[in-house]
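Open the model in your viewer and keep the sequence panel in sight. We will go from one selection to the next.

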Amino acid sequence: MRLKSRTWVMIAACFGVALFIGLRISALSSDGYQFLDQAIRRAPQVQARLGEVEAVRLSYFGKYRQRVVGADRWITLTLNVTGRKASATIRASAKRLNGNWSITSSSIDGAPISLNLL
């Protein structure tokens with residue numbers, strides 16, 4: 001029995017949606033996401049620009065990349081951040097070596113920013 005092309009399109013679309021949802025769940029449950037979320041919420045430069053951070057969300061169309069080698073991890077995320085005064089897009093990369101996370105790069109709406117506590 002042959003399936004109609006419309007059926008194949010629906011199967012492919014369902015597979016794509018399932019993959020997208022799976023990647024988002026994986027990203028949100030990762031310790032790298034949790035580390036970056038907390039770093040963004042505590043960063044003085046973010047608070048000065050956006051106000052107290054109310055929400056940090058994974059961007060639907062932004063970058064999410066994670067690499068794992070043994071116990072070491074590298075993560076790059078695009079996050080939509082909403083504060084009391086404004087909203088912005090933050091792109092951040094971090095690495096975990098020997099069990100310790102550190103920020104390797106970060107920007108807010110394309111301009112470099114420090115997510116480290118001063």
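The tour starts with the whole chain, then moves through strands, turns, salt bridges and a charged patch.

**Stop 1: the whole chain**

This is a predicted model. Show it as a cartoon and color by secondary structure. You should find 3 helices and 6 strands. From the N terminus, the order is α-α-α-β-β-β-β-β-β. The protein chain has 118 residues, and 32% of them count as buried.

**Stop 2: strands β3, β4 and β5**

Select residues 72-83 for β3. Add residues 87-97, which make up β4. These two strands run antiparallel and pair over 10 bridges. Follow the chain from β3 into β4: the hairpin connection takes 3 residues.

Now add residues 100-108, strand β5. β5 pairs with β4, again in the antiparallel sense, over 8 bridges. Here the hairpin has 2 residues between the strands.

**Stop 3: Lys 95, with a partner on each side**

Select Lys 95, found in strand β4. Which residue stands opposite Lys 95 in β5? It is Ser 102. On the β3 pairing, Trp 74 stands opposite Lys 95. Display the three side chains together. In a regular strand, side chains alternate between the two faces of the sheet.

Is Lys 95 buried or exposed? Lys 95 has a relative accessible area of 28%, so it falls between the two and counts as partly exposed. For a distance check, pick the C-alpha atoms of Lys 95 and Asp 72. They are 7.5 Å apart, although 23 residues separate them along the chain.

**Stop 4: two residues with positive phi**

Go to Asn 98, in the loop between β4 and β5. Its phi is near 55°, a positive value in a residue other than glycine. Asn 98 counts as exposed because its relative accessibility is 74%.

Next, select Asp 109. It lies in the loop between β5 and β6; β6 covers residues 111-112. Asp 109 also has a positive phi, near 50°, and is likewise not a glycine. Asp 109 is partly exposed, at 45% relative accessible area.

**Stop 5: the salt bridges**

How many salt bridges does the structure hold? There are 6. Visit three of them, among them one inside a helix.

Start with Arg 73 and Asp 31. Their closest N and O atoms are 3.9 Å apart. The pair spans 42 residues of chain, from Asp 31 in helix α2 (residues 31-42) to Arg 73 in strand β3. Both ends are partly exposed: Arg 73 at 23% relative accessible area, Asp 31 at 30%. Add Arg 96 to the selection. Salt bridges with shared partners join Asp 31, Arg 73 and Arg 96 into one network.

Stay on α2 and select Asp 37 and Arg 41. Their side chains form a salt bridge with an N to O distance of 2.8 Å. The two residues are 4 apart in the helix, so about one helical turn separates them. Compare their accessibility. Asp 37 counts as buried because its relative accessibility is 6%. Arg 41 is partly exposed, at 27%.

Finish with Arg 84 and Glu 52, which meet at 3.3 Å, N to O. Here the link runs between loops: Arg 84 sits between β3 and β4, and Glu 52 between α3 (44-50) and β1 (53-58). They are 32 residues apart in the chain. Arg 84 counts as exposed, with 59% relative accessibility.

**Stop 6: the positive patch**

Switch to a surface view. Select Lys 63, Arg 65, Arg 67 and Arg 91. They gather in a patch of positive charge on the surface. One of the four, Arg 91, belongs to strand β4. Its relative accessibility is 45%, so Arg 91 counts as partly exposed.

**Stop 7: Gly 62 and Asn 80**

For the last selection, pick Gly 62. It sits in the loop between β1 and β2 (64-69). Gly 62 is partly exposed, with 32% relative accessibility. Draw a line from its C-alpha to that of Asn 80. The line should read 9.1 Å, for residues 18 apart in sequence.

Notes. Residues are numbered from 1 along each chain as its sequence is written. This is a predicted model: local features need pLDDT of at least 70, side-chain atom pairs count only at pLDDT 80 or more; totals for chains, interfaces and linings use all residues. Side-chain values use heavy atoms; hydrogens and water are left out. Patches are made of residues with over 30% relative accessible area and no salt bridge: like charges are joined within 9 Å, nonpolar side chains (Val, Leu, Ile, Met, Phe, Trp, Tyr) within 5 Å. Accessible areas come from the Shrake-Rupley method with a 1.4 Å probe; for residues, only the protein chains shown count as cover. A salt bridge is a side-chain nitrogen of Lys or Arg within 4 Å of a carboxyl oxygen of Asp or Glu. Lys and Arg count as positive and Asp and Glu as negative; His and the chain ends are not counted. The place of a charge is taken as NZ of Lys, CZ of Arg, CG of Asp or CD of Glu. Buried means under 20% relative accessible area, exposed over 50%, partly exposed in between (1.4 Å probe, protein chains only). Two strands pair if DSSP finds at least two bridges between them.
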